[in-house]
Amino acid sequence: MNGILPLWKPKGMTSHDCVFKLRKILKTKKVGHTGTLDPDVTGVLPICIGRATKIAEYLTEAGKAYEGEVTLGFSTTTEDASGEKVEEKTIGESISREWILEVLKSLTGKIEQTPPMFSAVKVNGKKLYEYARAGIEVERPTREVTIYDITLLDDRSEFIGDTISFRFRVKCSKGTYIRTLAVMMGEKLGLPAHMSDLTRIESAGFKLEDCFTFAEVKAFMETGQTDDFLLPLERGLFHLPKFKISDKVAKKVLNGAVLEQTGDVAVDKGEPFVMVDPSDKAIAIYQVHPTKEGLIKPVKVFAQEL
């Protein structure tokens, strides 16, 4: 059993919980997720099965999209609704739609984020949430992420209340913390804030309409219809450059050969690209050789096994 399963993750489960449950349903140990989703978050979670786990890192690198809700008026320890209240501030005046749109625009593009203490980012070999649970505050690394687009999903012209919530849709790069983005929205509006709801609506090109629930996967397994929920390897590599090669070159690629870089291969050093055979089947991932000018080298070869 090899392929990609776009799973719709339910609320209350970690990504690891999903992997554990699927191992039982699919009766296979080789199952891996493509990036963590917090327990409170629902949505698209591509799962790699069998030898497709070889490309999990490339699915993780692809962009993501979310629909979420930010609540202004108080912040929490975890930056989402599951945490304890930290700071509270009465919202005295109404907030205009124009101001919120201005804030969202200011957060579009390349921005810097500091991961929340309750996150899986590692510092000195330990995950931040391990320090947080022990009551230890450590210096967190600031990272640059890209916000491609933020859309306000609320048609109000004015926002009034002791607390104010509004929904938004965001398309972003890997490594973006939407919880932190919600807090940043609040900061720019001069108010403590937290993310009160979140759904991932797209990941690595997979959307809601592509996804299957645990119940659906279990039903397919009981009737032996594994082809109905397992998608081919190529679906997980859609975002990488592709270069079609002849059968003759494909034989060399399958043997892991270092090849000369032709004019067709125009990519930057370190950027991965996919070698596809005449039938458009992905057979390997290559990159420009880091030290030998004019050559390309294999990163992963998988066609013989898939």
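## Helix packing and two unusual loop residues

The crossing of helices H1 and H6 is right-handed in this predicted model. On the H1 side, the contact is made by Cys-18, Lys-21, Leu-22, Ile-25 and Leu-26, and H6 contributes Phe-214, Val-217, Lys-218 and Met-221. Sorted by character, the residues of this contact are 7 nonpolar, no polar and 2 charged. Two packed helices are described by the angle between their axes and the distance between the axes. Here the axes of H1 (residues 15-26) and H6 (residues 214-222) come within 10 Å and cross at roughly 20°. Angles under 35 degrees count as roughly parallel, so H1 and H6 are roughly parallel to each other.

Now to helix H3, which spans residues 97-106 and has Ile-100, Val-103 and Leu-104 buried. Seen down the axis of H3, these buried residues fall within an arc of 100°, so they line one face of the helix. An α-helix has 3.6 residues a turn, so residues three or four places apart point the same way. What do the buried residues of H3 pack against? Their partners are strands E7 (95-96), E11 (143-152), E12 (158-159) and E13 (164-172), together with helix H5 (178-188). The face turned away from the buried side carries exposed Glu-98, Glu-102 and Lys-105.

Finally, a look at backbone angles. Most residues other than glycine have a negative phi. Ala-204 has a positive value, and so does Asp-280.

| Residue | Phi | Loop between | Relative accessibility |
|---|---|---|---|
| Ala-204 | near 55° | E14 (193-203) and E15 (206-207) | 0%, buried |
| Asp-280 | near 70° | E18 (273-276) and E19 (282-288) | 46%, partly exposed |

Conventions
Residues numbered from 1 in each chain as written. Predicted model: local features only at pLDDT ≥ 70, side-chain atom pairs only at ≥ 80, totals over all residues. Heavy atoms only, no water. Buried < 20%, exposed > 50% of the residue type's maximum accessible area, 1.4 Å probe, protein only. Helix = DSSP H or I, 4+ residues; strand = E, 2+ residues; numbered from the N terminus. Arc of directions from axis to C-beta. Contact = heavy atoms within 4.5 Å. Axes fitted to C-alpha atoms, helices over the stretch in contact; angles between N-to-C directions. Parallel < 35°, antiparallel > 145°, perpendicular 65-115°, else oblique. Left-handed = near helix turned anticlockwise from the far one by under 90°. Nonpolar A, V, L, I, M, F, W, Y, C, P; charged D, E, K, R; others polar.
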